[in-house]
Number of protein chains: 2
Amino acid sequence: MDEEHLRTLIRTIVRETLNPNLVPIGVSNHHVHLTEEDFQKLFPGQKIEMLKKLRQHADFAAKQTVDLIGPKGTIEHVRLMGPYRSHSQVEIARSENFTLGIDAPIRMSGDLDGTPSIKVRSPYAEIEIQGVIVAKRHIHMSLEDAKRFGVKLGDSMQVEVDGDGGRKTIFDDVVARPREDFVLEMHIDTDEANAANVGLGNNSFGKVIIKKKN
Amino acid sequence: MDEEHLRTLIRTIVRETLNPNLVPIGVSNHHVHLTEEDFQKLFPGQKIEMLKKLRQHADFAAKQTVDLIGPKGTIEHVRLMGPYRSHSQVEIARSENFTLGIDAPIRMSGDLDGTPSIKVRSPYAEIEIQGVIVAKRHIHMSLEDAKRFGVKLGDSMQVEVDGDGGRKTIFDDVVARPREDFVLEMHIDTDEANAANVGLGNNSFGKVIIKKKN
């Protein structure tokens with residue numbers, strides 16, 4: 001373990017010890033997950049290239065971007081996320097439903113039954129992808145975190161977020177997503193970040209409200 | 001009192017009796033208030049014309065619109081609100097700070113010290129207006145409502161909003177604004193509406209969380 005990794009680990013442990021209910025916030029901008037097959041249609045002969053690792057170790061922001069073309073409007077330069085998925089999926093903010101002229105529902109990642117389609121355009125091709133959602137807010141967490149919070153997969157949590165002040169907000173309906181390889185992080189979208197005055201960097205924290213057992 | 005007015009009044013009383021903590025939600029899109037002097041600069045020889053009355057009886061959406069021109073981007077067709085004010089004021093959503101490339105703070109209406117300026121363009125002229133804010137969420141209410149909720153001017157309230165489901169949110173830092181001529185209505189902006197999955201019509205309700213006295 002190198003020194004930087006060690007410093008981060010110690011800081012995390014100190015923070016969890018002093019404030020066991022704090023959860024780092026990650027603000028998700030609109031993005032697209034692709035199957036390898038769809039990626040090959042859009043970027044023939046290329047490979048998905050990493051631009052930046054994300055907090056969840058398996059995931060990364062890719063160098064490639066695409067445009068989303070809805071019946072009412074277009075959103076350009078939407079970043080692809082890697083690695084490839086078993087089903088392509090487009091995630092937008094609720095406000096962007098109006099921009100694009102579609103009606104994507106609020107759903108967990110992967111829950112794509114009955115979700116709308118959209119045209120996705122690269123510099124090389126244009127394809128139709130079924131599976132546009134507005135991501136339901138959720139908390140990635142380790143199995144240890146889940147034990148600490150007293151929750152299991154799919155449980156609804158409440159998280160208080162104060163951002164940069166003036167807009168304290170308690171987000172309810174936050175879905176618990178414990179998994180062995182997950183790192184503690186609450187994902188909200190840009191609309192939710194703006195509503196709670198959360199900066200778009202990754203330096204904000206929420207406070208999990210632990211529900212007392214009846 | 002005509003029949004329609006009477007029906008509305010009775011419906012309101014029934015609702016308040018059955019659910020004394022409900023508050024109608026009004027979603028504010030970006031808009032501009034002007035002094036008569038600034039209006040005359042932008043629309044020489046015209047009068048501000050009413051398009052639609054708002055729930056607060058004194059206020060109306062005007063027929064005239066303007067464009068907001070920031071250093072990074074422009075927002076077109078931003079509606080003027082009447083009547084004239086003693087100080088011109090531009091209200092945008094926090095997300096629009098990024099679109100325009102400015103840094104308007106979260107403030108109550110009229111609290112404009114140190115707020116940024118922006119270029120405002122009509123078909124006839126372009127002027128600079130100092131006083132761009134992101135509106136702090138608040139509840140207009142009658143003096144009767146204030147008594148019922150146990151709050152006074154400037155108090156911070158909590159309101160639970162469930163919108164169309166999946167994004168239940170408790171808005172804290174909601175400022176109480178009782179005044180004799182006000183009608184009960186919580187004002188949130190488009191970012192906040194999207195975060196709580198509130199429709200952009202005027203048919204949603206929040207539930208005031210009454211704090212118990214210590």
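**Exercise 1. Work out whether H31(A) is buried or exposed in this predicted model, and what surrounds it.**

*Solution.* Start with accessibility. H31(A) has 8% relative accessibility, and the cut-off for buried is under 20%, so H31(A) counts as buried.

Next, place it in the fold: H31(A) sits in strand β2 of chain A.

Now look for partners, skipping anything within four places in sequence. What's left is V78(A), R79(A), M81(A), Q89(A), V90(A) and E91(A), each in contact with H31(A).

Finally, check the annotation. UniProt puts H31(A) under "binding site", along with H33(A) and E91(A). These residues spread over 61 residues of sequence, yet they cluster in space, with a largest C-alpha distance of 8.3 Å. One of them, E91(A), also turned up in the contact list of H31(A).

**Exercise 2. UniProt has another "binding site" entry with H138(A), H140(A) and H187(A); describe where H140(A) and H187(A) sit and what they touch.**

*Solution.* First, the spacing. The residues that UniProt lists here are H138(A), H140(A) and H187(A). They span 50 residues of sequence but cluster in space, and the largest C-alpha distance is 7.7 Å.

Second, the strands. H140(A) belongs to strand β11 (residues 138–141) of chain A, while H187(A) belongs to strand β14 (residues 185–189) of chain A.

Third, burial. H140(A) is at 6% relative accessibility and counts as buried. H187(A) has a relative accessible area of 18%, which is still under the 20% cut-off, so H187(A) is buried too.

Fourth, contacts, again leaving out neighbours within four places in sequence. For H140(A) you get Q56(A), R177(A), F182(A), V183(A), L184(A), E185(A) and H187(A). For H187(A) you get G26(A), S28(A), R137(A), H138(A) and H140(A). So H187(A) is in contact with H138(A) and H140(A), which share its UniProt entry.

**Exercise 3. Find the operation that superposes chain B on chain A, and say what kind of axis relates the copies.**

*Solution.* Begin with the general idea: two copies of a chain are related by a rotation about an axis and a shift along it.

Then plug in the values. The rotation is 180°, the shift along the axis is 0.0 Å, and the superposition gives an RMSD of 0.1 Å. The two copies are therefore related as by a two-fold rotation axis.

Last, the contact surface. Of the contact residues of chain B, 100% recur in chain A, and the same surface serves both copies.

**Exercise 4. Look up T35 in each chain and describe its setting.**

*Solution.* Take chain A: T35(A) lies in the loop between β2 (31–33) and α2 (36–42). Its relative accessible area is 14%, so T35(A) is buried. Beyond four places in sequence, T35(A) contacts Y84(A), R85(A), S86(A), H87(A) and S88(A).

Then take chain B: T35(B) is in the loop between β2 (31–33) and α2 (36–42) of that chain. T35(B) is buried, with a relative accessible area of 14%. Its contacts, counted the usual way, are Y84(B), R85(B), S86(B), H87(B) and S88(B).

**Exercise 5. Classify V120(B) and F205(B) as buried, partly exposed or exposed, and list their contacts.**

*Solution.* V120(B) is in strand β8 (residues 117–121) of chain B. At 0% relative accessibility, V120(B) counts as buried. Not counting residues up to four places away, V120(B) touches L42(B), V66(B), D67(B), L68(B), V90(B), A125(B), E126(B), I127(B) and I129(B).

F205(B) is in strand β15 (residues 205–209) of chain B. Its relative accessible area of 34% falls between the 20% and 50% cut-offs, so F205(B) is partly exposed. With the sequence neighbours set aside, F205(B) touches R15(B), L22(B), V23(B), P24(B) and I25(B).

**Exercise 6. Describe the lining of the second largest pocket.**

*Solution.* Size comes first: the volume is about 780 Å³.

Next, count the lining. There are 22 residues, and T8(B), L9(B), T12(B), R15(B) and V183(B) lie nearest the centre of the pocket.

Then ask which element contributes the largest share. It's helix α1 (residues 3–18) of chain B, with 9 residues.

Finish with the chemistry: the lining splits into 7 nonpolar, 8 polar and 7 charged residues.

Methods. Residues numbered from 1 in each chain as written. Chains lettered and ligands numbered in written order. Predicted model: local features only at pLDDT ≥ 70, side-chain atom pairs only at ≥ 80, totals over all residues. Heavy atoms only, no water. Least-squares fit on C-alpha atoms with pLDDT ≥ 70 in both. Contact = heavy atoms within 4.5 Å. UniProt positions renumbered as here; feature names shortened; annotations may be inferred. Helix = DSSP H or I, 4+ residues; strand = E, 2+ residues; numbered from the N terminus. Buried < 20%, exposed > 50% of the residue type's maximum accessible area, 1.4 Å probe, protein only. 1 Å grid on protein atoms, 1.4 Å probe; cavity = no way out; pocket = protein on both sides within 12 Å on 5 of 7 lines; lining within 4 Å. Points joined across faces, edges and corners; volume = space filled by probe spheres on them. Nonpolar A, V, L, I, M, F, W, Y, C, P; charged D, E, K, R; others polar.
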